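Notebook open, coffee poured. I want to look up a few things in this one and jot them down as I go.

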Amino acid sequence: MQKLENAYGRLLEVLALAGCALIFGMTLMICADVFLRNVRIVPGMIGLEWANEVSEGMLYLVTVLTAPWLMRQGQHIRVDILLRAVPKPLGWAMEWIVDALALACCAAITYYGARAALASWKAGSMS
């Protein structure tokens with residue numbers, strides 16, 4: 001079980017590093033876009049037309065890639081004032097309940113998101 005847990009931890013670290021690489025790439029892309037809009041190096045080229053759409057997609061990916069690692073490290077945003085005020089066993093039970101609700105929400109979002117993506121794909125629509 002320890003090997004599986006270590007492998008999962010390494011996977012989350014790789015995903016977090018991929019998120020960091022996306023942020024770095026997004027920074028370079030936005031800088032290049034602003035630079036090319038203000039300095040006419042290439043005739044007829046005014047910025048990177050695709051930069052806004054790609055950077056929006058990258059923001060979602062960064063969130064998805066880094067959130068599991070942050071949760072595992074206990075560094076994700078959380079309000080634990082109530083958990084500190086209640087007895088430890090009750091706090092532990094509350095955490096499990098909230099985790100189960102979060103899992104149910106993620107499952108519902110995944111289900112409806114997949115349905116919407118499949119409908120868009122069948123309709124031949126693109127973003």
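Is Arg37 buried, partly exposed or exposed? I looked it up, with the reminder to myself that this is a predicted model. Arg37 comes out as partly exposed, because its relative accessible area is 42%, and the cut-offs I use are under 20% for buried and over 50% for exposed.

**Entry: salt bridges**

I searched for salt bridges and got two in the structure. One of them joins Arg37 to Asp33, with 3.1 Å between the closest N and O atoms. Both residues sit in helix 1, four residues apart, which is about one turn of the helix. I then checked the partner: Asp33 is buried, since its relative accessible area is 7%. So I have a partly exposed Arg37 paired with a buried Asp33.

Next I pulled up the bridge between Glu5 and Arg72, where the closest N and O atoms are 3.9 Å apart. Glu5 belongs to helix 1 and Arg72 to helix 2, residues 51-73, so this pair ties together parts that are 67 residues apart in sequence. On accessibility, Glu5 is partly exposed at 40%. Arg72 also counts as partly exposed, at 39% relative accessibility.

**Entry: helix 1 and its surroundings**

I noted that helix 1 covers residues 2-38 and that Phe35 is found in it. Where does Phe35 show up on the surface? I found it in a nonpolar patch with Val39, Ile41 and Val42, and the four have about 330 Å² of accessible area together. Phe35 itself is partly exposed, because its relative accessible area is 43%.

Val34 has its place in helix 1 too. I get a relative accessible area of 37% for Val34, so I wrote it down as partly exposed. I also took a C-alpha to C-alpha distance here: Val34 and Leu48 are 8.4 Å apart in space, with their positions 14 residues apart in sequence.

**Entry: Thr66**

I went over to helix 2 for Thr66. Is Thr66 buried or exposed? My note says buried, because its relative accessible area is 16% and the limit for buried is under 20%. I then looked up how far Thr66 is from Glu13: they are 53 residues apart along the chain, and their C-alpha atoms are separated by 8.5 Å.

**Entry: the largest pocket**

Last item on my list was empty space. Rolling a probe the size of a water molecule over the atoms shows where such space is left. The largest pocket holds about 420 Å³. Of its 15 lining residues, I found Met71, Arg78, Glu95, Val98 and Asp99 closest to the centre.

Which helix gives the most to the lining of this pocket? I have helix 4 down for that, with five residues. Helix 4 spans 88-123, and along with helix 3, at 81-85, each supplies at least two residues of the lining. Sorting the lining by class, I get eight nonpolar, three polar and four charged residues.

Conventions: Residues numbered from 1 in each chain as written. Predicted model: local features only at pLDDT ≥ 70, side-chain atom pairs only at ≥ 80, totals over all residues. Heavy atoms only, no water. Patch = residues over 30% accessible without salt bridge, like charges linked within 9 Å, V, L, I, M, F, W, Y side chains within 5 Å. Areas by Shrake-Rupley, 256 points an atom, 1.4 Å probe, with all protein chains shown as cover. Salt bridge = Lys/Arg side-chain N within 4 Å of Asp/Glu carboxyl O. Buried < 20%, exposed > 50% of the residue type's maximum accessible area, 1.4 Å probe, protein only. 1 Å grid on protein atoms, 1.4 Å probe; cavity = no way out; pocket = protein on both sides within 12 Å on 5 of 7 lines; lining within 4 Å. Points joined across faces, edges and corners; volume = space filled by probe spheres on them. Nonpolar A, V, L, I, M, F, W, Y, C, P; charged D, E, K, R; others polar.
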